[in-house]
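User: Please take a close look at one part of this model. Then place that part in the rest of the chain, step by step.

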Amino acid sequence: MPAEDRLTPDELRTLFLFEALSPEQLDWLAERGRVERREAGEVVYKEGEPATCFFILLSGALSLNRVLHGDDVEVNRTDQRGVYSGATRAYLGDRVEQLYPHTLRAVSDAEFYVLPADEFAYAVRTWFPMALHLLEGLFFGTRAANAIVNERERLLALASLSAGLTHELNNPAAAALRATAGLRERVTGMRHKLAMIADGRLGGADLHRLVGLQDDAVKHAAAGAGDMTAMEAADAEDTVSDWLDEQGVTGAWDLAPSLVAGGIGVPWLAGAARTIGPEHFDAAVRWITYNIDTELMMGEIDDSVERISELVGAARQYSQLDRTPLQIVDVHELLDATLTMLQAKIPQNVRVVREYDRELPSIPAYGAELNQVWTNLIVNALDAMPDGGTLTVRSWREDARLMVEIADTGVGIAKDVRPRIFEPFFTTKQVGEGTGLGLDISYRIVVNKHHGDLRVTSKPGDTRFQVCLPIEEEAAGSEPAGDAEAQAAADNKAETE
């Protein structure tokens, strides 16, 4: 290698990364490293390529860029001599995927000291054995701890949702049981009334007229009583009961609620009395009431079973258990399933507003994980409105991106807190009420896994979390190798994990 393409040990010692090394170590680096030059605007390495070299800036300026939801976003820029980047995880070997986690670009004409990744790994492992163990322990320990805590967070969320689902299922199940018990009683009463028909008390013509009245009453029952208020229904029951008493029908007060619920009023009953005759009217009214009760109870059972089926369908949609991880999904179905699963958590004083753009296309996504994002954002919105408010879920399109917004009218996020809300384990909730991982997990799912973006704007009475997802299929894919450029900027170094 020509001398002009190498640095001397004394020149290497001027770099803050190497200033404490021994003469032998500096000689080793001088022999194995090289100087490379890049013109302004030239890409030094590209995000996602195999990480083969470790770079240290000698002169000029550089920038770090990441591809976020299809856009090339600059995350750091510096001209500080000695900043480093590239194969910073080479010392971990094959235990992690060795890829460049971002794109490094020369902003101006720049010079770099370049060390091959395997040489850098050898130096770290050989010269700093204690530090290496600490770094390995920190890296793998943190990753294992995060995995455990993330799993715990998901289990807690699942337990909470299961409790809510059980509560939601209990109501229609209990209604179906009550209706079944009442139906059994009515069917027993109808069997007794059949005895009246069987012993010949009703002639053939009367029987035909009774069947006609029965069919007409069932049609009224299927249509229901309309939009009567409780007061209007009570007044109608009193009117029907008084009229039946005048006709000599015993127990009219017990028959009137069922007749009114089935849409039967005095005009219909008066017509029935003329049709069947006064001598059979009492028995006919009871027979018709049994039929109306039976129809109403079957309708209640049908509604209850349909509600249970909807809840099971929502649970299946939410969990995505019967689907492949990456699939073409309708985000509105995912949002509706999540809202259904969270129904028990939504207070009565919170109004839910859906503003969907139904023209939006389905997109490639990990459905179950997006549902976890919706859950975290909606629960946080509900927690921000302890005294009630409005939860708004809306969707729209921006160019090649699909936008989903979860908005609330709660207390808002304080300005000093807002920059930290996506940090792992950061929470403003009381101890034991939050792990501080909900937004961190959501951010990783949206940004790392879907190559999208998660944004927030907040002021008292108007907080909005916006999830930006790519519409094109090729935009969704595997999780990038790292996401520490923000930390690099904070350290004023071009280093990533």
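Analyst: **One helix and its surroundings**

Start with helix H2. Gln 25, Leu 26, Trp 28, Leu 29 and Ala 30 are buried there. Buried means under 20% relative accessible area, exposed means over 50%, and partly exposed is in between (1.4 Å probe, protein chains only). Helices (H or I, at least four residues) and strands (E, at least two) are DSSP runs, numbered from the N terminus.

A word on the source. This is a predicted model, in which local features need pLDDT of at least 70, side-chain atom pairs count only at pLDDT 80 or more, and totals for chains, interfaces and linings use all residues. Residues are numbered from 1 along each chain as its sequence is written, and side-chain values use heavy atoms, with hydrogens and water left out.

What do the buried residues of H2 pack against? They pack against helix H1 (9-13), strand E8 (110-116) and H3. Contact here means heavy atoms within 4.5 Å.

Now look at the pair H2 and H3. Two packed helices are described by the angle between their axes and the distance between the axes. H2 covers residues 23-32 and H3 covers residues 117-127. Their axes come within 11 Å and cross at roughly 170°. Axes are lines fitted to C-alpha atoms, for helices over the stretch in contact, and angles run from 0 to 180 degrees between N-to-C directions. H2 and H3 are therefore roughly antiparallel to each other. The cut-offs are under 35 degrees for roughly parallel, over 145 for roughly antiparallel and 65 to 115 for roughly perpendicular, with the rest oblique.

Which residues meet? From H2 come Gln 25, Trp 28, Leu 29 and Arg 32. From H3 come Glu 119, Tyr 122, Ala 123 and Trp 127. The residues of this contact divide into 5 nonpolar, 1 polar and 2 charged. Ala, Val, Leu, Ile, Met, Phe, Trp, Tyr, Cys and Pro count as nonpolar; Asp, Glu, Lys and Arg are charged; the others, Gly among them, are polar.

Step back to the whole chain. The chain has 13 helices and 15 strands. Buried residues make up 44% of its 497 residues. Of the contacts with a separation of 6 or more, 76% are between residues 24 or more positions apart.

Another helix is H8, residues 266-276. Its buried residues are Trp 268, Leu 269, Ala 270, Ala 272, Ala 273 and Ile 276. Gly 277 follows H8 and has a positive phi, near 95°.

Next, the strands. Tyr 84 is in strand E6 (residues 84-86). It counts as buried, at 11% relative accessibility. Tyr 84 and Leu 17 are 67 residues apart in sequence, yet 8.6 Å apart in space, C-alpha to C-alpha.

Val 352 lies in strand E10 (residues 350-355). At 28% relative accessibility, Val 352 is partly exposed. Leaving out residues up to four places away in sequence, Val 352 touches Leu 339, Ile 346 and Leu 391.

Thr 392 sits in strand E12 (residues 389-398). It is buried, at 10% relative accessibility. Thr 392 touches Val 353, Glu 355, Glu 405, Ile 406 and Ala 407, again not counting residues up to four places away.

Asp 399 is in the loop between E12 and strand E13 (401-408). It is exposed, with a relative accessible area of 69%. Most residues other than glycine have a negative phi, and most peptide bonds are trans. Asp 399 has a positive phi of about 55°. So has His 451, also about 55°, in the loop between helix H12 (438-449) and strand E14 (453-459).

Ile 471 is in the loop between strand E15 (462-470) and helix H13 (485-491). It is buried, with a relative accessible area of 11%. Its partners beyond four places in sequence include Pro 361, Arg 397 and Asp 399.

Last, confidence. pLDDT is the predictor's confidence in each residue, from 0 to 100. The chain's mean is 77, and 74% of its residues reach 70 or more. Over residues 430-436 the pLDDT is below 50. It also stays under 50 over residues 474-497. Where pLDDT is low, the predicted coordinates should not be read in detail.
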